[in-house]
Amino acid sequence: MAEAHPQASRGVVARTLTLELARVTERAAIAAARLRGQGNEKEADQAAVDAMRRELHALPIDGTVVIGEGERDEAPMLFIGERLGSGEGPAVDIAVDPLEGTTLCAKDMPGAIAVMAIAEKGSLLAAPDVYMQKIAIGPGYPPGLVDLDASPADNIAALARAKGVHPSQITAIILDRPRHMNLVAAVRATGAGIRLISDGDIAGIIFTTSPEETGADIYLGIGAAPEGVLAAGALRCIGGQMQGRLILDSHDKRARAESMGISDPNRKYELHDLARGDVIVAATGVTDGALLRGVRFKPGAVETETVVYRSSTGTVRRILGMHRRPDRFEA
């Protein structure tokens, strides 16, 4: 099949797929939401995966998952290297997290979302499903204000100076994990506040872009690499700074990364290294949260809330969906 002309590809990505992606995450969110509170993380995740795969295969794209939930031998999850779409359309990279916050969904706690990103081929970081060290702040600051290799104290101090406030008026978002014990202690030693989150570091990073509304100034810590790429795609659309470094702490992980074109296992990725070009990110709420409202099941209808970001225009669309044919969402 001949490749589409680059200019034509960009047009198709922009005009056709922006709202189509909302449909993909809506279907995944609804499928997962049917299992909210039932205590089965794997079943909810699988329902979201299956729904997302069905919808992606219906899109007029030649898509490849470049970062997601795992390797081919872990199928039926959406695996790295999986081809999606009709095959007739622009060649695109896909990053996926069909259900971010599986525990949140299983316990019907706030913040579970279905999320994915799509971009022109070669635009999203292709990497194995490993952990990533991350730092992120919102827009409006000088480039390089914070740095992944600086100490928490230095980063908090730099951000406080840029805001014209005392470090005690800075709030950091950190995943509540044992691995962050030393990080939490170092941040608290500066006098800064910490908001510990149980899951959902995509939303955690996005929160730093509007501290006046969310009260979150900086994201610090280690989370999953796919979520890092997805968050970077959103920041490309709404502004902010981010750095990430893959944690390749075994021979197998380093070998897998090398096979995907990563020659420097210690590389520090800037925002544009993680997601560049025209990136579109869509996320739909599964459970109620600060970022999105969860799925609502009503007699004869299903309601959803979705946010769609597009980097080339800086557009943020919020879509309230009323689906009058809920039977169409059944597997």
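The following conversation goes through the two domains of a predicted model, some of its buried residues and its salt bridges.

Q: What should I know about the model and the numbering before we start?
A: Residues are numbered from 1 along each chain as its sequence is written, and in this predicted model local features need pLDDT of at least 70 and side-chain atom pairs count only at pLDDT 80 or more, while totals for chains, interfaces and linings use all residues. Side-chain values use heavy atoms, with hydrogens and water left out.

Q: Which residues make up domain 1 and domain 2?
A: Domain 1 covers 16-122 + 279-329 and domain 2 covers 131-274; such bounds come from an automatic or database domain assignment. The centres of the two domains, taken over C-alpha atoms, are separated by 24 Å.

Q: How many residues of each domain are in contact?
A: 25 residues of domain 1 are in contact with 20 residues of domain 2, where contact means heavy atoms within 4.5 Å.

Q: And what area do they bury between them?
A: About 1700 Å², with 72% of it on carbon and sulfur atoms. Buried area is the accessible area (1.4 Å probe) that two parts lose on being put together, summed over both. I67, E100 and Y309 supply 28% of the area that domain 1 buries against domain 2, more than any other three residues.

Q: How many salt bridges and polar contacts cross that interface?
A: The rule finds 0 salt bridges there, a salt bridge being a side-chain nitrogen of Lys or Arg within 4 Å of a carboxyl oxygen of Asp or Glu. It finds 2 residue pairs in polar contact, both at pLDDT 80 or more. A polar contact is a pair of N or O atoms within 3.5 Å; within protein, one must be able to donate a hydrogen and the other to accept it, and residues adjacent in sequence count only if both atoms are side-chain atoms.

Q: Which element gives the largest share on the domain 1 side?
A: Strand β3 does, with 4 residues. Strands (E, at least two residues) and helices (H or I, at least four) are DSSP runs, numbered from the N terminus.

Q: Changing topic: is I118 buried or exposed?
A: I118, in strand β4, is buried, with a relative accessible area of 0%. Buried means under 20% relative accessible area, exposed over 50%, and partly exposed in between (1.4 Å probe, protein chains only). Leaving aside neighbours within four places in sequence, the residues in contact with I118 include L17, V92 and I280.

Q: Where is T287, and what lies 2.7 Å from its side chain?
A: T287 is in the loop between β11 and β12. The backbone oxygen of M109 lies 2.7 Å from a polar atom of the T287 side chain. T287 is buried as well, at 2% relative accessible area.

Q: How many salt bridges are counted by the rule?
A: The count comes to 17. In one of them, R83 pairs with D62, their closest N and O atoms being 2.5 Å apart. R83 lies in strand β2 and D62 in strand β1, so this pair ties together parts that are 21 residues apart in sequence. D62 is buried, with a relative accessible area of 17%.

Q: What about R23 and E20?
A: Their side chains meet in a salt bridge at 3.3 Å, N to O. Both residues lie in helix α2, 3 residues apart, about one turn of the helix. R23 is partly exposed at 41%, and E20 is partly exposed at 22%.
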